[in-house]
Amino acid sequence: MLERHELEAFLTLAEELHFGRTAERLRVSTARVSQTIAKLERRVGVPLFHRTSRRVELSPVGRDLYEELRPAWSRITGAVARAVDAGRGLTGVLRVAFHGPAAGQLLVGVAQRFRERHPDCDVRIREARPPDVLPWLRDGEVDLALTCHPVSADEVDTGPVLVREARMLAVPAGHPFARREALSTADLARATVLRIPETLPDSDRAPAGRHVSGGPTAMTFNEALTLVGAGEGVFVVGAHARRYFARPDVVYVRLTDAAPVEWGLVWPAGGATARVRAFGDAALDVVRGV
């Protein structure tokens, strides 16, 4: 059987592919990580990582081991967390992440409702860049997050959809699309579409699976809109952008045949603790006006 520190070292290195960052996450020395991995590889009998002076990669055996261990480890840690919750009740701290002002405004209301019901449990809200949401959940920096659905990751579970909104296209104010009352997804094939990692995953495809021209990748919503205003491309957004991100250099045009943007809570796989479930209940009640 593997020891806990061996599992944590292997899984973390498999995700970071960097001994220094792995050591920082585990709060141990780089030498300790290297020794642990070397010992584990001796026990397994084959290399789990290929190392050079410039990079670290999973070996085929290491990749297979990671894919089997990660969901099992998430379930184990989640089960322990639920057992602790059951013993302590709804106390302690619940850490919730969001990205964007609309999501933040909704979370403030949910957190207030949750605190009224469970005054012994504190809620701490943190804003994340869209690409940070999955790493924060995976690393245990937050317990759940309000983000766009679907989230394409095996290591997270999703709750019910809380908000649906029309999908729109942010275009430069001087772009020919800006003079249109509405657009179709087929029009995306004639534009350069900007992206934010892990955000609106279907926005880079036109109908029938045709790929559209990909533009620069932005790390924040404001950065993407700034690139749009500069004429670097167009950007698929939810309808809330018209209210929260009004800009003189960007025009928002409705996409008539695009599926709506859906928002909901997500949390680590197997991590539906009593606090997480209670927060989800409060969120549903807030959006339903209960």
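Just after helix H9, glycine 289 takes a positive phi of about 75°, and this residue is a convenient place to enter the structure, which is a predicted model. Helix H9 itself covers residues 274–288. Its 15 residues reach 21 Å from the first C-alpha to the last, close to the 21 Å expected at 1.5 Å a residue. Several residues of H9 are buried, including Arg275, Val276, Ala278, Phe279, Ala282 and Ala283. It helps here to recall that an α-helix has 3.6 residues a turn, so residues three or four places apart point the same way.

One of the buried residues of H9, Phe279, leads to the interior of the protein. The largest nonpolar core has 25 residues, and Phe279 is listed with Leu94, Val96, Phe114, Leu144, Leu146 and Leu265 as those having the most contacts inside it. The elements that give two or more residues to this core are strand S3 (92–98), helix H5 (101–117), strand S4 (121–127), strand S5 (144–149), strand S13 (261–268) and H9. Apart from this core lies another, of 18 residues, among them Leu7, Phe10, Ala14 and Leu40. To see how the parts of the larger set meet, one can follow phenylalanine 114, which, when residues up to four places away in sequence are not counted, touches Leu94, Cys121 and Val123, and also Arg275, Ala278, Phe279 and Ala282.

With these details in mind, one can step back to the whole chain. The secondary structure of the protein comes to nine helices and 13 strands, and the C-alpha atoms fill a box of roughly 65 × 50 × 30 Å, taken along the principal axes. Of the 290 residues, 44% count as buried. Among contacts between residues at least 6 apart in sequence, 68% join residues at least 24 apart. On the outside, the accessible surface comes to about 14800 Å², of which 50% belongs to carbon and sulfur atoms. The protein has 39 positive and 36 negative side chains, and the centres of these two sets lie 1 Å apart.

The early part of the chain offers two residues whose backbone deserves a careful look. Most residues other than glycine have a negative phi. Leucine 17, in the loop between helix H1 (4–16) and helix H2 (19–26), nevertheless has a positive phi, near 50°. Arginine 27, found in the loop between H2 and helix H3 (30–44), also has a positive value, near 60°. Are these two residues buried or exposed? Leucine 17 counts as partly exposed because its relative accessibility is 34%, which falls between the limits of 20% and 50%. Arginine 27 has a relative accessible area of 75% and is therefore exposed, the limit for that word being over 50%.

Further along, arginine 63 is found in helix H4, which spans residues 60–88, and this arginine, at 39% relative accessibility, counts as partly exposed. The C-alpha atoms of arginine 63 and phenylalanine 49 are separated by 8.7 Å, although the two residues are 14 apart along the chain.

A last stop is aspartate 187, in the loop between strand S8 (182–183) and strand S9 (192–195). Why does aspartate 187 count as buried? Its relative accessible area is 8%, and buried means under 20%. Leaving aside neighbours within four places in sequence, aspartate 187 is in contact with Phe177 and Arg180.

Conventions
Residues numbered from 1 in each chain as written. Predicted model: local features only at pLDDT ≥ 70, side-chain atom pairs only at ≥ 80, totals over all residues. Heavy atoms only, no water. Helix = DSSP H or I, 4+ residues; strand = E, 2+ residues; numbered from the N terminus. Buried < 20%, exposed > 50% of the residue type's maximum accessible area, 1.4 Å probe, protein only. Contact = heavy atoms within 4.5 Å. Areas by Shrake-Rupley, 256 points an atom, 1.4 Å probe, with all protein chains shown as cover. Lys, Arg positive; Asp, Glu negative; His and termini not counted. Charge placed at Lys NZ, Arg CZ, Asp CG, Glu CD. Expected span 1.5 Å × (residues − 1). Core = buried A, V, L, I, M, F, W, Y, C linked by side-chain atoms within 4.5 Å.
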